[in-house]
Amino acid sequence: MNIRRRPLLASGLALLGASGFVAAQTPGKVWRIGFLTGAPTPPDGRTPVALRQALAGLGYVDGKNVVYEGRWADGKQARLPELAADLVRLGVDAIVVSGDQASVAAKRATATIPIILAGASDPVGAGLTASLARPGGNITGTSAQGTELSAKRLELLKEAVPKTARVAVLWNLDNAAMTRRYERLEDAARILRLTIQPLGVRATEDLDAAFSTMTRDRPDAFVMTSDPFTTTNSKRVIEFNRDTAFRPSMSASPWFRRVV
């Protein structure tokens, strides 16, 4: 899990207490907590340490009165509905989800098991909750407000590099939340008088075409929206940055200004 998401996950778990989950401790009961994400399976195959530590602080000891059921889609988002359904079949007491597509899959899988969003990008826009103040249904958690912050990030980029005129944006076309971020970036670009170069991708093989476009058209900056798919492929983006964008033969000074 992305380190930046750990505080959001811990905050989301704190909501278990507020929702009555912690208060409802039953002597002798072993609680089963599901975890669902589209991200890669960690090397140790265990649920995030932030999740386990947060519940340990509330008196839940792994293997004693709580067990964890982790499900990772390994960047293959089409697997999420199946993985969510698997957690429901296991009869978990709650499902912690990381990522918008995982959140949608969990909501479609159950209307009764509590779902805790760990930093959802845009829970209202994704139709997960009625509002941030009153989410309703069986869903609670935290919002990373990624959609709302997209415009601000572009504004900060323009302030940091005033000569920026053309910005390439890479995002996962199959993730509705990331498309909303892209649309917000487009709106902000018009105000900032920036030209947006759209680089929507759906599969790993699409990245080659996106990189070729950037190599040919040379944007002044590059923005990548982060979701499990793009994060899974972030190594390739970094390698492109290192091997192509800053190659001296291409430009006397780097044309690839920022990655946000």
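This is a short walk through a predicted model, with a selection to make at each stop.

**Stop one: α3 and α4**

Select residues 80-90 for helix α3 and residues 100-109 for helix α4. Turn the view until you can follow both axes: they come within 8 Å and cross at roughly 50°. Angles from 65 to 115 degrees would count as roughly perpendicular and those under 35 as roughly parallel, so α3 and α4 are oblique to each other. The handedness of this crossing is right-handed.

Now show side chains where the two helices meet. On the α3 side, pick Leu80, Pro81, Ala84, Ala85 and Val88; on the α4 side, pick Gln101, Ala102, Ala105, Ala106 and Ala109. What classes of residue make up this contact of α3 with α4? Nine are nonpolar, one is polar and none is charged. While you look at the spacing along the helices, remember that an α-helix has 3.6 residues a turn, so residues three or four places apart point the same way.

**Stop two: the buried residues of α4**

Keep α4 on screen and colour its buried residues: Asp100, Gln101, Ala102, Ser103, Ala105 and Ala106. What do the buried residues of α4 pack against? Bring up the neighbours and you'll find two helices, α3 and α6, along with the strands β1 (31-37), β3 (94-98), β4 (115-120) and β6 (166-172).

**Stop three: Gln197 in β7**

Next, jump to Gln197, which sits in strand β7. Is Gln197 buried or exposed? Its relative accessibility is 4%, so Gln197 counts as buried. Draw a distance from its side chain to the side chain of Asp217: there is a polar contact there, at 3.1 Å. Then expand the selection to what Gln197 touches, leaving aside residues up to four places away in sequence: Arg166, Val167, Ala168, Val169, Thr213, Met214, Asp217 and Pro219.

**Stop four: two arginines with positive phi**

Finish with a pair of backbone oddities. Select Arg193, in the loop between α6 (176-192) and β7 (195-201). Arg193 isn't a glycine, yet its phi is positive, about 60°. Switch on the surface and Arg193 shows up as exposed, with a relative accessible area of 77%.

Then move along to Arg218, in the loop between α7 (206-217) and β8 (221-224). Here again a residue other than glycine has a positive phi, this one near 50°. Arg218 is partly exposed, at a relative accessible area of 37%.

Terms used
Residues numbered from 1 in each chain as written. Predicted model: local features only at pLDDT ≥ 70, side-chain atom pairs only at ≥ 80, totals over all residues. Heavy atoms only, no water. Helix = DSSP H or I, 4+ residues; strand = E, 2+ residues; numbered from the N terminus. Buried < 20%, exposed > 50% of the residue type's maximum accessible area, 1.4 Å probe, protein only. Axes fitted to C-alpha atoms, helices over the stretch in contact; angles between N-to-C directions. Parallel < 35°, antiparallel > 145°, perpendicular 65-115°, else oblique. Left-handed = near helix turned anticlockwise from the far one by under 90°. Contact = heavy atoms within 4.5 Å. Nonpolar A, V, L, I, M, F, W, Y, C, P; charged D, E, K, R; others polar. Polar contact = N/O pair within 3.5 Å; in protein donor to acceptor, adjacent residues only side chain to side chain.
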